[in-house]
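Please open the model in your viewer and keep the sequence panel beside it. The stops below are meant to be selected in order, each one leading on to the next.

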Amino acid sequence: MATQAEVYDKTYKPGDTVEKSGIYRVTHDPAHAQEHEVTVIHGKRFPPCRDCLHPRFKAVQLAKHIELHEHFKT
């Protein structure tokens with residue numbers, strides 16, 4: 001599993017597995033949409049865009065999902 005530093009340095013594309021939950025900045029084709037932020041969950045896959053072929057995801061703020069946090073019951 002990637003370290004937090006490795007996740008912050010990496011750029012993800014659709015189909016890649018989310019290594020750490022958190023907020024990620026999404027960059028689309030500039031003619032399609034401006035950059036925006038989304039929340040993604042560890043273990044899921046980064047999704048494709050409905051309108052462009054090349055969205056990219058970059059970690060902005062990592063956070064442990066509450067269901068995986070040791071201080072909370074599931």
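Begin with the largest pocket, whose lining, sorted by class, has four nonpolar, four polar and three charged residues. To display it, select M1, Q4, E19, K20, S21, H42, L62, A63, K64, H65 and L68, the residues that line this pocket. The space inside the largest pocket comes to about 150 Å³. Keep in mind throughout that this is a predicted model.

**The whole chain**

Zoom out and colour by secondary structure: the protein has one helix and four strands, and along the sequence these follow the pattern α-β-β-β-β. Measured out along the principal axes, the C-alpha atoms fill a box of roughly 45 × 25 × 20 Å. Of the 74 residues in the protein, 24% are buried. If you draw a contact map and keep the contacts with a separation of 6 or more, residues 24 or more positions apart account for 57% of them.

**The sheet**

Now select the four strands together, which form an open sheet with antiparallel pairing in the order β1-β4-β2-β3. Residues 11-12 (β1) and 36-40 (β3) stand at the edges with a single partner strand each, so one side of each is left without a neighbour in the sheet.

Walk across the sheet one pairing at a time, starting from β1, which pairs with strand β4 (residues 56-62) in the antiparallel sense over two bridges. To see this pairing at residue level, select T11 together with K58, its bridge partner in β4. The next step leads to β2, which is joined to β4 by six bridges, again in the antiparallel sense. Two positions are worth labelling here: Y24 stands opposite A59 in β4, and T27 stands opposite R56 in that strand. The last pairing is between strand β2 (residues 22-27) and β3, which run antiparallel and are joined by five bridges. Label R25 and E37 to follow this one, since E37 is the residue of β3 that stands opposite R25.

**The helix and V7**

Move to helix α1 (residues 4-9) and select V7, which lies in it. Is V7 buried or exposed? With a relative accessibility of 0%, V7 counts as buried. Show the surroundings of V7 and, leaving aside neighbours within four places in sequence, you will find contacts with A2, Y12, E19, K20, Y24, A59 and L62. Among these, Y24 and A59 are the pair already labelled as standing opposite each other, while L62 also belongs to the lining of the largest pocket. A distance label between the C-alpha atoms of V7 and L62 should read 8.8 Å, although 55 residues separate the two in sequence.

**The loop between β1 and β2**

Three residues in this loop deserve a stop each. Select V18 to begin with, whose place is in the loop between β1 and β2, and which is buried with a relative accessible area of 2%. Apart from residues up to four places away in sequence, V18 touches Y24, V40, I41, H42, G43, K44, R45 and F46. For a sense of scale, the C-alpha atoms of V18 and M1 are separated by 11 Å, with these positions 17 residues apart along the chain.

Next select D16, which lies in the loop between β1 and β2 as well. A polar atom of the D16 side chain lies 2.9 Å from the backbone nitrogen of K13. When neighbours within four places in sequence are set aside, the residues in contact with D16 are K44, R45 and F46, and these three also appear among the residues that V18 touches.

**Back to the pocket through S21**

Finish with S21, another residue of the loop between β1 and β2 and one of those lining the largest pocket. What is the relative accessibility of S21? The value is 8%, so S21 counts as buried, the cut-off being under 20% relative accessible area. Turn on polar contacts and look for the side chain of S21, which reaches the backbone nitrogen of H42 at 2.7 Å. Beyond residues up to four places away in sequence, S21 touches V40, I41, H42, L62, A63 and H65, of which H42, L62, A63 and H65 are also found in the pocket lining where the tour began.

Technical notes:
Residues numbered from 1 in each chain as written. Predicted model: local features only at pLDDT ≥ 70, side-chain atom pairs only at ≥ 80, totals over all residues. Heavy atoms only, no water. Pairing = 2+ DSSP bridges. 1 Å grid on protein atoms, 1.4 Å probe; cavity = no way out; pocket = protein on both sides within 12 Å on 5 of 7 lines; lining within 4 Å. Points joined across faces, edges and corners; volume = space filled by probe spheres on them. Nonpolar A, V, L, I, M, F, W, Y, C, P; charged D, E, K, R; others polar. Buried < 20%, exposed > 50% of the residue type's maximum accessible area, 1.4 Å probe, protein only. Polar contact = N/O pair within 3.5 Å; in protein donor to acceptor, adjacent residues only side chain to side chain. Contact = heavy atoms within 4.5 Å.
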